[in-house]
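Colleague: I'm new to this one and would love a close look at a single part of it. Could you walk me through the surroundings of one charged spot on the surface?

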Amino acid sequence: LDTFGLSGAIGDAEARMIRRYVEAQLRTSLPEELRDPAITSAVVCGGNAEALAEFFGERDKDDFPGLRVSELASNLATLLGLDVDGRVKKYQVREDRAEVMAIAALVLVSLGQTLRLRRFIVPGVGIRDGGVPEIDIDVPTNARIRQVLVYWEGLDWNPTDHGATAT
């Protein structure tokens, strides 16, 4: 939010600016092998993903929590059109969650549409307490998952030091 100087409801011009930013970041930083059209799902973690899945998500046939990109996209205008107080009232979330959940939804929709994903898997685990834990996720046995590690600027963590590979 600070990067773009946004607060309150997010208009069409601001939403387009954020979409362009996300798309540019993906083009310049995402390895080509992860732009495989056969990949239709991605795992997303954290409080925003969990909150959005609670409001707009569903469980798959294996009872695994998820969030369809199309469902999130169809609710995006409502999320973006509400100011922080409106989000607090409509979704019954804390103010700090209401401040960021619309941007998170916009980023996820942009990510999903750019990569042609159909669904996000939301396992309910994430980075907590300032560290990078080992994350164990039980997935359906026929699932094919490629791990994409996202880092925050300033976080001193190298994925290869923790056994991550490109596959």
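**A close look at one surface patch**

Modeller: Happy to! Let's begin with the chain as a whole: 69% of its contacts with a separation of 6 or more are between residues 24 or more positions apart. Please keep in mind that this is a predicted model. The chain is built from five helices and four strands, and following the sequence you meet them in the pattern α-β-α-β-β-α-α-α-β. It has 167 residues, of which 31% count as buried. About 10,700 Å² of the chain is exposed, with 47% of that supplied by carbon and sulfur atoms.

Now to the charged spot. On the surface, a patch of negative charge brings together Asp83, Asp85, Glu95 and Glu99. Let's zoom in on Asp83, which sits in the loop that links helix H3 (69-81) to helix H4 (84-91). Is Asp83 buried or exposed? Neither quite fits: its relative accessible area is 38%, so Asp83 is classed as partly exposed, between the 20% limit for buried and the 50% limit for exposed.

From helix H3 (69-81), there is also a link to a distant stretch of sequence. Gly81 and Gly11 are 70 residues apart along the chain, yet their C-alpha atoms are separated by 6.9 Å. You will find Gly11 in the segment before helix H1 (12-29). With a relative accessible area of 28%, Gly11 is partly exposed too.

Technical notes
Residues are numbered from 1 along each chain as its sequence is written. This is a predicted model: local features need pLDDT of at least 70, side-chain atom pairs count only at pLDDT 80 or more; totals for chains, interfaces and linings use all residues. Side-chain values use heavy atoms; hydrogens and water are left out. Patches are made of residues with over 30% relative accessible area and no salt bridge: like charges are joined within 9 Å, nonpolar side chains (Val, Leu, Ile, Met, Phe, Trp, Tyr) within 5 Å. Accessible areas come from the Shrake-Rupley method with a 1.4 Å probe; for residues, only the protein chains shown count as cover. A salt bridge is a side-chain nitrogen of Lys or Arg within 4 Å of a carboxyl oxygen of Asp or Glu. Lys and Arg count as positive and Asp and Glu as negative; His and the chain ends are not counted. The place of a charge is taken as NZ of Lys, CZ of Arg, CG of Asp or CD of Glu. Helices (H or I, at least four residues) and strands (E, at least two) are DSSP runs, numbered from the N terminus. Buried means under 20% relative accessible area, exposed over 50%, partly exposed in between (1.4 Å probe, protein chains only). Contact means heavy atoms within 4.5 Å.
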